[in-house]
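Here is a short note for a colleague who has not looked at this structure before. The points can be read in order beside the model.

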Amino acid sequence: MKKHLIALGLMAAASVPTIANAADYMIDTKGAHASINLKVSHLGYSFIKARFNKFDGSFSYDPQDLAASKVTVNVDTSSFDSNHAERDKHVRSGDFLDVSKYGTATFTSTKVEPKADGEMTIYGDLTLHGQTKPLEIDAKFVGAGEDPWGGYRAGFTGSTRIELKDFGIQVMGTSSYADLELHVEGIRQ
């Protein structure tokens with residue numbers, strides 16, 4: 001009789017629809033499905049676009065409870081790339097990023113605030129150039145689903161502005177800030 005009750009309990013549990021829970025994702029940098037791009041004013045006449053080529057991170061995402069989401073990203077600052085070797089060398093130097101002393105920048109979320117239509121604000125702490133400051137990222141859910149390789153992915157875009165002086169980085173020419181554009185695709189673990 002006990003075996004029948006256990007079997008009945010297992011069948012009943014299997015027939016209850018599952019509620020979505022937070023899933024953990026690794027940011028897909030190996031497949032180049034994520035990027036950290038930045039734009040800085042050049043002398044007030046145009047903009048220089050650059051990126052960080054090496055970074056990693058993870059996030060937790062639950063579409064039913066967006067506020068429970070979390071993000072962590074680590075950036076190799078020596079991977080700064082503006083497609084101009086001499087400028088890159090200068091930006092990596094002690095004049096700006098000082099990558100020999102501050103080789104890693106990190107972002108760790110502290111709160112995610114849902115908005116309408118898949119939009120959200122991600123609050124967190126950015127550590128850059130030895131300084132940790134609060135940062136807000138305006139983000140948007142792009143989509144989620146199965147990929148052709150048997151995995152499951154979720155993707156987001158985001159943008160924010162960093163005031164260079166807040167992190168002890170000298171102003172670059174006429175620009176006191178850098179605008180970041182983020183594209184993040186994660187593989188569910």
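1. Ser109 is a convenient place to start: with a relative accessible area of 12%, Ser109 counts as buried, because the cut-off is under 20%. Ser109 is a residue of strand 7. The strand runs over residues 104-114. Everything here refers to a predicted model.

2. What does the side chain of Ser109 reach? It comes to 2.8 Å from the backbone nitrogen of Val71. Val71 is also among the residues that Ser109 touches once those up to four places away in sequence are set aside; the others are Ser69, Lys70, Ile122, Tyr123 and Gly124.

3. Confidence should be checked before further reading. The average pLDDT of the chain is 89, and 88% of the residues score at least 70. Residues 1-19 fall below 50, and in the model this stretch makes 0 contacts beyond near neighbours in sequence. The placement of residues 1-19 should be read with that pLDDT in mind.

4. The overall layout comes next. The chain has 2 helices and 11 strands. Along the sequence, these elements follow the order α-β-β-β-β-β-β-α-β-β-β-β-β. Of contacts between residues at least 6 apart in sequence, 52% join residues at least 24 apart.

5. On burial and surface, the chain has 189 residues, and 35% of them count as buried. Its accessible surface is about 11500 Å², with 54% of that belonging to carbon and sulfur atoms.

6. How many cavities of 30 Å³ or more does a search of the whole structure find? The search finds 1. The volume of the largest cavity is about 640 Å³. Its lining is made up of 42 residues, and those nearest the centre are Ile36, Phe107, Ile137, Leu180 and Leu182. Eight strands are worth tracing in the viewer here: strand 2, strand 4 (55-61), strand 5 (70-76), strand 7, strand 8 (119-128), strand 9 (131-146), strand 10 (152-163) and strand 11 (177-188) each give two or more residues to the lining.

7. Asp28 deserves a separate look. This residue sits in the loop between strand 1 (23-27) and strand 2 (35-42). Is Asp28 buried or exposed? Its relative accessible area is 7%, so Asp28 is buried. Within the loop, a polar atom of the Asp28 side chain lies 2.9 Å from the backbone nitrogen of Gly31. The side chains of Asp28 and His33 are joined by a polar contact of 2.5 Å. Beyond neighbours within four places in sequence, Asp28 is in contact with His33, Ala34, Arg153, Glu185, Gly186 and Ile187.

8. Two loop residues have backbone angles to check. Asp117, in the loop between strand 7 and strand 8, has a phi near 55°, a positive value in a residue other than glycine. His129, in the loop between strand 8 and strand 9, has a positive phi of about 60° and is not a glycine either.

9. Which of these two loop residues is buried, and which is exposed? Asp117 has 69% relative accessibility and so counts as exposed. His129 has 13% relative accessibility and therefore counts as buried.

Methods. Residues numbered from 1 in each chain as written. Predicted model: local features only at pLDDT ≥ 70, side-chain atom pairs only at ≥ 80, totals over all residues. Heavy atoms only, no water. pLDDT = per-residue confidence, 0-100. Contact = heavy atoms within 4.5 Å. Helix = DSSP H or I, 4+ residues; strand = E, 2+ residues; numbered from the N terminus. Buried < 20%, exposed > 50% of the residue type's maximum accessible area, 1.4 Å probe, protein only. Areas by Shrake-Rupley, 256 points an atom, 1.4 Å probe, with all protein chains shown as cover. Polar contact = N/O pair within 3.5 Å; in protein donor to acceptor, adjacent residues only side chain to side chain. 1 Å grid on protein atoms, 1.4 Å probe; cavity = no way out; pocket = protein on both sides within 12 Å on 5 of 7 lines; lining within 4 Å. Points joined across faces, edges and corners; volume = space filled by probe spheres on them.
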